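Good morning, everyone, and thank you for making the time. Please have a look at what is on the screen, and then I will take you through a few parts of it.

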Amino acid sequence: MYFVSLASGGFVAILYYSEMGFARLPYLLLALNTASAFASLLFIARQYKSGIHLNPVALGFLDVALLLLVLFFPWDGFILPLAALATIRESRSGKGYLAATSLFYVFLMLFLASLAVAGPVYASHHITGEKISDPVDVYGVYRLLPLYTAYKYGIDRVQSPTHTLILEDSYLYYRNKTPIYNWIIEPEGFINALTKKPLGVVFIDGDRYPPRVSVVNRTLKYSLSKLYFKGFYFDSLERQAMLHSMGGKALLHENVEVLYHGKIYVIIPVVRWVRGAVWNLEVPWKYLVFAENGSVREVSFEKALGDPLFHGVPLLPEETAREWARVYAYSVGFTAYYLQHNSYAIRDVGENRQPYLTVTSNGSLYWVFVVEPMGNTYSVKYVIYVPAGTYKPSISIYQPNTTMIGVSKVVSYVKSAHPNYDWNSLKVVEPIPTVIDGRIYWTVKIITNDYRGLVSVDLVDASTSKVLSVKVSSQETMTGEQILREWILGGASHPTAPGGNNTVTSIIKEIKMLKKEINSTIQKLNDLYKKLDELESMIENQTATNTTAGKP
């Protein structure tokens with residue numbers, strides 16, 4: 001049991017996963033699995049009382065495995081077949097009894113399978129789906145820097161041979177419409193995880209290329225990799241998150257690092273489930289905020305809405321938003337979904353999957369999906385918006401009036417637009433939707449195979465398949481705002497009027513001039529806001545050095 005303790009963090013993981021299982025399982029399945037778990041344990045006890053003569057080593061391994069599965073996985077359907085196996089092993093009442101027992105478990109498993117099929121259909125009825133007549137204008141083009149390219153630039157700034165950045169541990173949030181990638185500088189390897197502390201955080205602005213990289217050197221107590229040996233278990237951020245998330249699930253992979261009042265805080269979202277007899281649905285619950293010294297506090301969803309520490313952070317986790325969009329596909333009903341396939345599918349292109357966190361002109365954040373019909377059809381069926389600051393399961397759905405190019409075929413159009421490119425050394429990544437004046441465009445990036453070079457940003461009109469390519473140079477800074485202005489003012493979204501109507505043409509020119517003035521004013525205001533933030537940050541840092549900062 002000593003080694004089990006080491007692996008589980010002092011049995012915290014056993015309790016955590018068991019509570020998670022009982023908290024998320026629909027009530028009917030919970031009752032069945034609980035009864036089967038007790039039956040399995042009863043069969044184990046009776047084996048020893050009846051003195052069955054089997055290989056003791058094999059019997060011991062099987063019983064320990066069964067016990068661990070009962071403790072760790074009471075929600076995943078493993079218990080019933082194992083209970084059936086235990087029944088068959090225990091029974092000495094003849095072939096008829098064995099056949100009846102086996103048949104009972106077959107029917108029971110079929111019943112559970114039918115509940116698993118029906119569960120998402122019932123869950124979809126608890127998600128509010130609002131049809132909207134016009135798409136929400138979101139600017140995916142602000143995410144100019146792909147995730148993998150940001151990672152390469154970030155890891156180049158790590159100077160310690162004992163530390164590194166872990167690609168999967170980054171998450172995205174916004175500051176004044178600027179997307180921020182963030183990584184903790186983690187100790188690398190088991191020995192370093194025990195003997196070294198995290199060295200700080202790397203922040204990368206995702207709206208420009210070459211990127212602006214900021215390294216905040218600060219010793220942190222906890223990170224995703226740091227371990228503390230306590231004699232009977234390893235203490236870690238994961239173990240602390242488990243202790244504060246009993247009955248829910250801590251989404252460690254969606255951790256966010258924030259620099260606030262001169263100090264670094266690690267934010268971990270925690271979700272729980274609403275459920276019925278045969279369905280369950282994931283919803284946000286609370287957030288764990290880890291300070292530099294290792295102290296942790298719990299912040300409810302309601303309090304996080306007004307807490308400046310969470311400004312620009314998507315309070316609705318990405319995993320939860322995808323779960324809502326996936327489950328809502330079943331709202332058409334059992335027959336339409338399973339038999340007629342008359343619904344939609346979420347398809348992913350490349351390493352970074354849907355949804356993408358995008359921002360509107362007023363700074364509102366949305367998780368955006370562009371979904372396609374089920375089957376072998378690859379056009380746009382719906383654009384689904386999930387507000388990143390919502391608690392109740394709700395989505396907004398826009399259905400285009402015309403046929404549009406889906407995410408699955410965007411790469412083909414981009415490659416066709418660049419026949420002279422060497423596609424053996426280049427790749428197309430992150431097709432993020434940008435909606436301008438109600439028109440949908442796919443914003444994609446062409447990068448080098450090593451992810452370090454951004455070659456161009458292409459905007460594909462989903463209605464016409466026309467491709468506008470904006471070349472990117474490492475010699476001068478390019479921002480997402482600049483590309484957005486060039487796209488709007490370049491006329492791609494305003495085709496020449498049929499017949500060369502001079503009045504229409506002059507109106508279009510006037511519209512372009514007005515938009516140019518508006519965008520220029522917006523850019524100046526953004527620059528002033530950034531300068532104001534820098535000055536306030538300088539004052540806060542100076543104050544922090546002269547006074548003792550309190551907890552957030």
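Let me begin with a term I will need later: a polar contact here is a pair of N or O atoms within 3.5 Å, where, within protein, one must be able to donate a hydrogen and the other to accept it. Please also keep in mind throughout that what you see is a predicted model.

With that term in hand, I would start at Ser236, which lies in strand β10, residues 234-236. The backbone nitrogen of Arg239 lies 3.2 Å from a polar atom of the Ser236 side chain. Is Ser236 buried or exposed? Its relative accessible area is 10%, and buried means under 20%, so Ser236 counts as buried. If we set aside its neighbours within four places in sequence, Ser236 is in contact with Tyr222, Lys226 and Leu227.

Stepping back to the whole chain, we have 15 helices and 25 strands, and of the 552 residues, 50% count as buried. Among the contacts with a separation of 6 or more, 61% are between residues 24 or more positions apart. The chain exposes about 26,200 Å², and carbon and sulfur atoms supply 58% of that area.

Now to the sheet on which I would like to spend most of my time. Four strands form an open sheet in the order β3-β4-β6-β8, and the pairing is antiparallel. Strands β3 and β8, the latter being residues 212-217, stand at the edges with a single partner strand each, so one side of each is left without a neighbour in the sheet. From one strand to the next, the twist averages 30°.

Looking at one of those edges, β3 and β4, residues 178-184, pair in the antiparallel sense over five bridges. Within that pairing, Leu172 has Tyr181 as its bridge partner in β4, while Tyr173 stands opposite Ile180. The two strands form a hairpin with two residues between them, and Asn176, in the turn, has a positive phi of about 50°. Although β3 stands at an edge of the sheet, four of its five residues, 171-175, are buried, so the strand is largely enclosed by the rest of the structure.

At the other edge, in β8, we find Ser214, which is partly exposed, with a relative accessible area of 36%. Not counting residues up to four places away in sequence, Ser214 touches Val201, Val202 and Phe203. The C-alpha atoms of Ser214 and Arg157 are separated by 9.0 Å, and these two residues are 57 apart along the chain.

What lies across β4, β6 and β8? That is helix α7, residues 147-155, which runs at about 50° to β4. In α7, the buried residues are Leu147, Thr149, Ala150, Tyr151 and Gly154, and what covers them includes β4 and β6 as well as β21, residues 426-436, and β22, residues 439-448.

Finally, a check on the geometry of another helix, α2, which covers residues 12-24. At 1.5 Å a residue, its 13 residues should span 18 Å, and its end C-alpha atoms are indeed 18 Å apart, which agrees. Several residues of α2 are buried, including Val12, Ile14, Tyr16 and Met20.

That is where I will stop, and I am happy to go back to any of these parts on the screen.

How values were computed:
Residues are numbered from 1 along each chain as its sequence is written. This is a predicted model: local features need pLDDT of at least 70, side-chain atom pairs count only at pLDDT 80 or more; totals for chains, interfaces and linings use all residues. Side-chain values use heavy atoms; hydrogens and water are left out. Buried means under 20% relative accessible area, exposed over 50%, partly exposed in between (1.4 Å probe, protein chains only). Two strands pair if DSSP finds at least two bridges between them. Axes are lines fitted to C-alpha atoms, for helices over the stretch in contact, and angles run from 0 to 180 degrees between N-to-C directions. Contact means heavy atoms within 4.5 Å. The expected span of a helix is 1.5 Å times one less than its number of residues. Accessible areas come from the Shrake-Rupley method with a 1.4 Å probe; for residues, only the protein chains shown count as cover.
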